[in-house]
Amino acid sequence: MKNLKKVLALVVALTMVLGTVGFAAYTDVAEDAGEYTAVSTLSSLGILTGYEDGTFKPDGDITRAEFSAVVCRALGAKVSGTAATPFTDVAADHWASGYIAYVAGQKIVNGMGDGTFAPDANVTVEQAVKMLVVALGFEPMAAQRGGYPTGYMVVANTYGITEGIAAAQTANASRAIVSQLVYNALDVPMMEQTGFGTQIEYQIQDGTNGKDYKTLLTNLDVAKLDGVVIGTPIIAYGDTNPATTDINKVAYRFYEVYENEYFESKLNSDNVGEMEFEVAEGVDAAAYFGIASTIYVYELAKNKYEIIAIMPGEDSTIMEFGVEDLDEVSASAIEYYTSANKYDTKTLRLDSPDVYYNYAQTTIQDLIDLVDTIADVEITVIENTGDNKFDMIIMKEYAYARVEEVEADRDRFTTSDASTFAFDFDDEETPVSIVDKNGDAITLADFAEDDVIAYVFGGVNTRNYDWIEIINLGQNAVTGTVNEEKGTEAVYVDGTEYGLYEAGVAALGDEGTFYLTRTGKIFDSEKDASVSGNYAYILATALSADGGFSKAWQVKMLTKEGEVVTYSVRDGFAVNTTTQIDEDAADAPILSDLDVNAADPSEINEDITKRIVTYKLDSKGKIREINSVDSDAFGKAAGAATGKEYDADSQYLGAELEDDTVIFNISNPTESGVYTATISTLVNENEYSGYYITNDKDEVDCLVITDGGSQIDVLQDLAIISSVTDITVDEGATDAKKVRYYVSGEEEEKEITVVDDEEVSIPQWFKAGVDAYASLSVGDAIMFTDDGNGTAAAYTIVFDAIFGDATKAYDENETATAAITAEDEDVTFITGYIDDIAKANGGKAIVLADGTRFTVKNTANAYTLYNKTANKARVYVGSWDAVETIDKVGTNNNGTKDDTSDDFEEATYFVAKKFNNTIKDFITYSERIAIGEY
């Protein structure tokens, strides 16, 4: 079975998941390709093969000589060596002369009519069809129906040989087309001559009139059966004991036989036959346990058969997902999430399913118990009958480890958790499977240190087992910092969410390498710490004990990467490149000049010119060099009455800025309020004051803003919050929230960090006694200034989403909206209930209860907030009228309009932002609001 690594529930056709055959899968024939079944079947039968580089080249040409060889193999002809041919252009020593001589002798080919065969010419569709029709014995019928090429094409169409072929009959036949033609021909009953002399007669060998059923498969000693694998050396249907004792066999229950007398006789009175089959090398028939399938079996000897290919059944459906995708499970249904956001669910119906857990039969209760756990269990549900009710559930829970040492010559390896895996590869009674992440067989020589392995076994331990399966996932890890924690379920490493294999395996602030399971959960880690920098802004210094062993200077600084870090200096650190200073020197330049352990936060923006430094670290993460810089003041910092106005077009603010200029914004004098930014955060025509630092090329590569940098751009679009998680920043010292949101009508979810600092909330929260930071929640409409590093330098909640209130969906922050509209007289906000919707040019007209109407054009940023409870709320992007509840709700119980009636029922609430008389943002609430007079 194809190894699937996924977090989301995925419904796929069975052919997308399975298709194991007796050959190495071709790299250029995808499992969902139209020719996949034909190519894989013919390859397993040895009729048509690929190339040494692992490709099949389905779009490649095939010559007349090559196709002659294909026809011979399909007929089961015993052709070996070379032979003389009747064609002038095919010498006896030509590689295909034996094949060409055979098909010529059987009258399958006549050549080009001039004594030649053209062996290297591309075979055309009609030529290939003609050869197959003759090979099947239908030459007389084709002659009666018009001869070449029409008669042959008619016969081919009649018997399904050309099914699935879209190419013109005169076109060159690609290898994919040839594969499909030959595959279609395998099941066609052959025609044979049954009379001779004056009584010549032809009959189709279709099992009627006392004739045997005969096809190309008959010639190949191959039978085709439909059924299901019911037993492997590890698992058996309806029993916890293995169905087979031979690791090279499976038990198969077949329901349909494609005209094979031997297997037809095996069917009992209930039309069910059961047999054990040998399994050819490379065919993973055991992976089809419980799944309807078609098998091709080859007769090794009398009444002894081997499965040489296995294909998915036409009506089967399989679903695979993880525990994290389950919402609810009962004896009759599974409700699962369809997306990573876990808002939408679908229901899968069950039909008294057989349930297996790590190959042992169990009950549905085991699956029910997994809901809301962090277990790493892969769940496969199977439906074979086409009634959309799933009748089998297979659960597999892998354990995980990291490879520590490989001893391939001793057939063993050890792992980081001190486990030893030992193997006896000569033991033919103990099933052992070792594959890579793609499901391809590998050896211990392919293992390396720190490879992640997933394994499951039956028995005592990894040295004494009844069977074992190992998947080597390779270097399956990520490196970074855990910057968010989502309860005990998940963490975010550098902004990407990863589930936890077990609680506590990774925690907020951890840095290093995190090792992942097949489904992307963290199960192990190697923690480290690394940091580097150049420009920095010193927040505080202190001469204190370093780890309790020695006294040394400590420096807390804001780096150009936007991190607040604290470093110790090393003994003999350099100041301004040359001066060597003892780590505990009381009079250390730069450091002792600054306020030490300042209690007053405002001192952070005092002695500014001394706090701007560059620095270098040694290999142990201590400061080995710190340097002061020269700066020039502008705006109020230079004694002016006002700040300097920023010109975004020329990127000028006191001096011309570079694209990569580092900006330290210290206009909010608190540790959590200072931040690192980029020039993209500067608002055009806004006034700023501060200092700039130039490099040797006279370029401004560092800027310190002391005033004006926290203003919100009033013209920005509303952002709608889609989720909020708790995090910490500043090495875990400061509480913060990761706020994910949608903005500007874009479907891509974005994120911003908001620190717990009331100075960042602009203007102050409008509800008495309510903390703006704590109030941030799904559905809120906010505006903010990004510091350029993903942190909000300033934010305001414009509209506060309300859940569970049947009369209102939003509270307006009148303080905020008043401040915003005061900044720009062309900005206004509208709130209310929709009474009616009408058509309008380029959009739709909204009608309010008082008759006021305005147009929401199709270009507006549109959103719908779904659900009445915060924990179920989500944002739909792209349409404000996506719910059926918005349409002429302004009528009372009597069906007549009465705006003053107390029983005036329900309406849809909305909020909107307008600029220059055009609606830019429009948000509706999915639930109707119960209202009376409004």
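User: Let's start with helices α4 and α6. How do I read the way they pack, and what are the angle and the distance between their axes?

Analyst: Happy to help! Two packed helices are described by the angle between their axes and by the distance between those axes. In this predicted model, helix α4 (residues 125-135) and helix α6 (residues 150-158) pack at an angle of about 70°, and their axes are 9 Å apart. An angle from 65 to 115 degrees counts as roughly perpendicular, and α4 and α6 are therefore roughly perpendicular to each other. The crossing of α4 past α6 is left-handed.

User: Which residues of α4 and α6 meet?

Analyst: On the α4 side you will find E126, V129, K130, V133 and V134. Their partners in α6 are Y152, M153, V155 and A156. Sorted by class, the contact of α4 with α6 has 7 nonpolar residues, 2 charged and no polar ones.

User: How many residues of α4 are buried?

Analyst: For this one you need a cut-off: buried means under 20% relative accessible area. In α4, 11 of the 11 residues are buried, so the helix is largely enclosed by the rest of the structure. The buried residues include E126, Q127 and K130, along with V125, A128 and M131.

User: What covers the buried residues of α4?

Analyst: The cover includes α2 (64-75), α5 (139-144), α6 and α7. Have a look at the two ends of α4 as well. T124 lies in the loop between α3 (97-105) and α4. T124 counts as buried, at 11% relative accessibility. Setting aside neighbours within four places in sequence, T124 is in contact with Q169, T170, A171, N172 and A173. Just after α4, G137 takes a positive phi of about 90°.

User: Let me try the same reading on α1 and α7. At what angle do their axes cross?

Analyst: The axes of α1 (residues 36-44) and α7 (residues 175-185) cross at roughly 70°, and they come within 8 Å. The two helices, α1 and α7, are therefore roughly perpendicular to each other. From α1, the contact is made by T37, A38, V39, T41 and L42; from α7, by S179, Q180, V182 and Y183. The residues of this contact of α1 with α7 divide into 5 nonpolar, 4 polar and no charged.

User: Now the backbone. Which peptide bond is cis, with omega near 0°?

Analyst: Look at the step from Y148 to P149: that peptide bond is cis, with omega near 0°. P149 is found in the loop between α5 and α6.

User: Which residue between α8 and β4 should I look at, and is it buried or partly exposed?

Analyst: Go to D221, in the loop between α8 (216-219) and β4 (222-231). D221 has a positive phi of about 60° although it is not a glycine. At 39% relative accessibility, D221 counts as partly exposed. Another case is A418, in the loop between β17 (412-415) and β18 (420-422). A418 is not a glycine, yet has a positive phi of about 75°. With 69% relative accessibility, A418 counts as exposed.

User: And the interior? How many residues are in the largest nonpolar core?

Analyst: The largest nonpolar core has 88 residues, and those with the most contacts inside it are F67, F263 and F277. Leaving aside neighbours within four places in sequence, the contacts of F277 include L225, V250, Y252, F263, I295 and V297. Apart from this core lies another, of 29 residues, among them L718, M783, A794 and V875.

User: How far apart are A251 and E276 in sequence and in space?

Analyst: They are 25 residues apart in sequence, but 4.3 Å apart in space, C-alpha to C-alpha. A251 sits in strand β5 (residues 249-257) and is buried, with a relative accessible area of 9%.

User: How many helices and strands does the chain have?

Analyst: There are 13 helices and 53 strands. Of the 934 residues in the chain, 51% are buried. Among contacts in the chain with a separation of 6 or more, 57% are between residues 24 or more positions apart.

Conventions:
Residues are numbered from 1 along each chain as its sequence is written. This is a predicted model: local features need pLDDT of at least 70, side-chain atom pairs count only at pLDDT 80 or more; totals for chains, interfaces and linings use all residues. Side-chain values use heavy atoms; hydrogens and water are left out. A nonpolar core is a set of buried Ala, Val, Leu, Ile, Met, Phe, Trp, Tyr and Cys residues joined through side-chain atoms within 4.5 Å. Buried means under 20% relative accessible area, exposed over 50%, partly exposed in between (1.4 Å probe, protein chains only). Contact means heavy atoms within 4.5 Å. Helices (H or I, at least four residues) and strands (E, at least two) are DSSP runs, numbered from the N terminus. Axes are lines fitted to C-alpha atoms, for helices over the stretch in contact, and angles run from 0 to 180 degrees between N-to-C directions. Angles under 35 degrees count as roughly parallel, over 145 as roughly antiparallel, 65 to 115 as roughly perpendicular and the rest as oblique. Ala, Val, Leu, Ile, Met, Phe, Trp, Tyr, Cys and Pro count as nonpolar, Asp, Glu, Lys and Arg as charged, and the others, Gly among them, as polar. A crossing is left-handed if the near helix is turned anticlockwise from the far one by less than a right angle, and right-handed if clockwise.
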